[in-house]
Amino acid sequence: SLRRLVQFATVGTASAWRWRRPYLLVGMATVATSGAALALSIKRENWPALPLPAVVKSASVCSAASIGRPQHWMTDPVSETGWLCDPSNSAEPRVGMERLCMDLQGRLCRAMEELDGEARFIVDKWARPSGGGGISCVLTDGVVFERAGVNISVVHGSLSQQAVRQMNSRPDRHKLPEGKELPFCAIGISSVIHPRNPFVPTMHFNFRYFEVDDGKGGVSWWYGGGADLTPTFLDKDDATHFHRTLKAACDKHDKSLYPKYKAWCDNYFVIEHRGERRGVGGIFFDDVDSPNQPAAFAFVSSCADAIEAAYLPIVRRNMRRGYSYADRQWQLLRRGRYVEFNLVYDRGTKFGLFTKDARIESILMSLPPLARWEYCHDPDSDPVKAQLMRVLREPVDWA
């Protein structure tokens, strides 16, 4: 598009102009040719109506008025719409959590589409043979976002012992005889956003709710989640803004929560074989089941409501900054570290992979489209890179 062509011509350093020039000439010719063709086509009568591609149909928002769902949701929910939107069911924990996921997905996806200005989310609603399903919203190759995914899953069925060991920080709370499976329900939203510009940090968040049959006729339930920031270049203002926004969300409920969950995040997102954190942290919590269900849900809701305010101002502030080829290569190297953590250590990834009928495409959506690894790379030899590495090795109290 003309918008993309102008951004291609203006974003970046002056040194990039020489190699961009031939591409721009071709692009300008293409835009001119397309405009002429469009003008001719408008004059034609009885121009045949072409069917929309399937992906556009799946991404469109159907009339919400007829089915009672909010307009900003990306599509119909996994659960039956009437049940989910019935006010009389609002006290049901599963209803509250699925609505939270649908609301956050819709708001964030539409805000990112507006920021990007060109790319749109593909909405992929899928069913799980063993029970439930999900809604995967994925944006690829945008002007601002190279890949962004916001996924919802609402699944139920039985868990293997391997999956039980990965689903919370207290795996001994659900012990089963060998060969037995555990009935469960899990509702959650998970997002990873990989921007194109190296000066815009990657951001991840997830919020989840579990119900598990305790084997004694009762149900165990708990919430988990968190959010963290992974910059390529350290910007202290960005890190401070992100942490202070999350701290404010925690402080609404208990001023002791942020320090505890910030430390938990610093100690969870560790690439142990590298001796460094994945990023500058945020908050991370699991097994939240006190003081009661409404209070625990209210805390999770506050954290979810803080995501846009914590991250989108950082994107706006940095997305038009110029960058060099070397900056891009450092970004891809840091993405390689992101991949290492997610595939080797992340408990959420392992839970997905060990769950029956796991949807691999949605699980691995968190990985960046491009990454690199360099043999014996020494970031400490560069003062700018060394600044980031220092805070990855020794966490900072940003708030």
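**Exercise 1. Enclosed spaces**

Determine how many cavities of 30 Å³ or more this predicted model contains, and describe the lining of the largest cavity by position, by element and by residue class.

*Solution.* Step one is the count, which comes to 4 cavities of 30 Å³ or more. Step two concerns volume: the largest cavity holds about 850 Å³ of space. Step three turns to the wall of the largest cavity, where 43 residues form the lining, and Ser153, Ser190, Gly348, Phe351 and Gly352 are those that lie nearest the centre. Step four assigns the lining to elements: at least two residues each are supplied by the strands β3 (145-159), β4 (182-195), β5 (202-213) and β9, and by the helices α11 (325-344), α12 (347-354) and α13 (360-363). Step five sorts the lining of the largest cavity by class, which gives 19 nonpolar, 15 polar and 9 charged residues.

**Exercise 2. The second largest cavity**

Give the volume of the second largest cavity, list the residues that line it, and find which element supplies the largest share of that lining.

*Solution.* The volume of the second largest cavity is about 90 Å³. Its lining consists of His194, Pro195, Val200, Pro201, Thr202, Thr230, Pro231, Thr232, Gln331, Arg334, Arg335 and Tyr338. Two elements, β4 and α11, give two or more residues to this lining, and the largest share, 4 residues, comes from α11. When the lining of the second largest cavity is divided by class, 5 residues are nonpolar, 5 are polar and 2 are charged.

**Exercise 3. An open site**

For the second largest pocket, state the volume, identify the residues nearest its centre, and name the elements that each supply at least two lining residues.

*Solution.* The second largest pocket encloses about 220 Å³ of space. Of the 15 residues in its lining, Leu257, Tyr261, Val288, Ser290 and Pro291 lie nearest the centre. The elements that each contribute at least two residues to this pocket are α8 (257-268), β9 and α9 (293-305), with α8 providing the largest share, 4 residues. By class, the lining of the second largest pocket divides into 8 nonpolar, 2 polar and 5 charged residues.

**Exercise 4. The setting of arginine 278**

Locate arginine 278 relative to the strands, decide whether arginine 278 is buried or exposed, and find the partner of its side chain in a polar contact.

*Solution.* Arginine 278 sits in the loop that runs between β8 (276-277) and β9 (281-288). Arginine 278 counts as buried because its relative accessibility is 3%, which falls under the 20% cut-off. The side chain of arginine 278 makes a polar contact of 2.9 Å with the side chain of aspartate 228. Setting aside residues up to four places away in sequence, arginine 278 touches Asp228 and also His204, Thr230, Phe269, Ile271, Arg334, Tyr338, Phe341, Asn342 and Leu392.

**Exercise 5. Cysteines without a bond**

Explain why cysteine 137 is not bonded to cysteine 109, and state how many disulfides the whole structure contains.

*Solution.* A disulfide is a covalent bond between the sulfur atoms of two cysteines. For cysteine 137, the closest cysteine sulfur belongs to cysteine 109 and is 4.3 Å away, so the separation is too far for a bond. A search of the whole structure accordingly lists 0 disulfides. As to burial, cysteine 137 is buried at 0% relative accessibility, and cysteine 101 is also buried, with a relative accessible area of 0%.

**Exercise 6. Two residues and the chain around them**

Classify glycine 188 and valine 384 by accessibility, and relate each to a residue distant in sequence.

*Solution.* Glycine 188 belongs to strand β4 and, at 8% relative accessibility, is buried. Its C-alpha atom lies 9.4 Å from that of glycine 134, although the two are 54 residues apart along the chain. Beyond its neighbours within four places in sequence, glycine 188 is in contact with Cys101, Asn151, Ile152, Ser153, Phe207 and Arg208. Valine 384, in helix α14 (residues 383-393), is partly exposed at a relative accessible area of 45%. Valine 384 and phenylalanine 233 are 151 residues apart in sequence, yet their C-alpha atoms are 7.5 Å apart in space. For the protein chain as a whole, with its 14 helices and 9 strands, 50% of the 399 residues are buried. Of the contacts between residues at least 6 apart in sequence, 69% join residues at least 24 apart.

Note on methods: Residues are numbered from 1 along each chain as its sequence is written. This is a predicted model: local features need pLDDT of at least 70, side-chain atom pairs count only at pLDDT 80 or more; totals for chains, interfaces and linings use all residues. Side-chain values use heavy atoms; hydrogens and water are left out. Buried means under 20% relative accessible area, exposed over 50%, partly exposed in between (1.4 Å probe, protein chains only). A polar contact is a pair of N or O atoms within 3.5 Å; within protein, one must be able to donate a hydrogen and the other to accept it, and residues adjacent in sequence count only if both atoms are side-chain atoms. Contact means heavy atoms within 4.5 Å. A disulfide is a pair of cysteine sulfur atoms within 2.5 Å. On a 1 Å grid over the protein atoms alone, a cavity is a set of points where a 1.4 Å probe fits but cannot get out, and a pocket is an open set with protein on both sides within 12 Å along at least five of seven lines; lining residues have an atom within 4 Å of a point. Grid points are joined across faces, edges and corners, and a volume is the space filled by probe spheres set on the points. Ala, Val, Leu, Ile, Met, Phe, Trp, Tyr, Cys and Pro count as nonpolar, Asp, Glu, Lys and Arg as charged, and the others, Gly among them, as polar.
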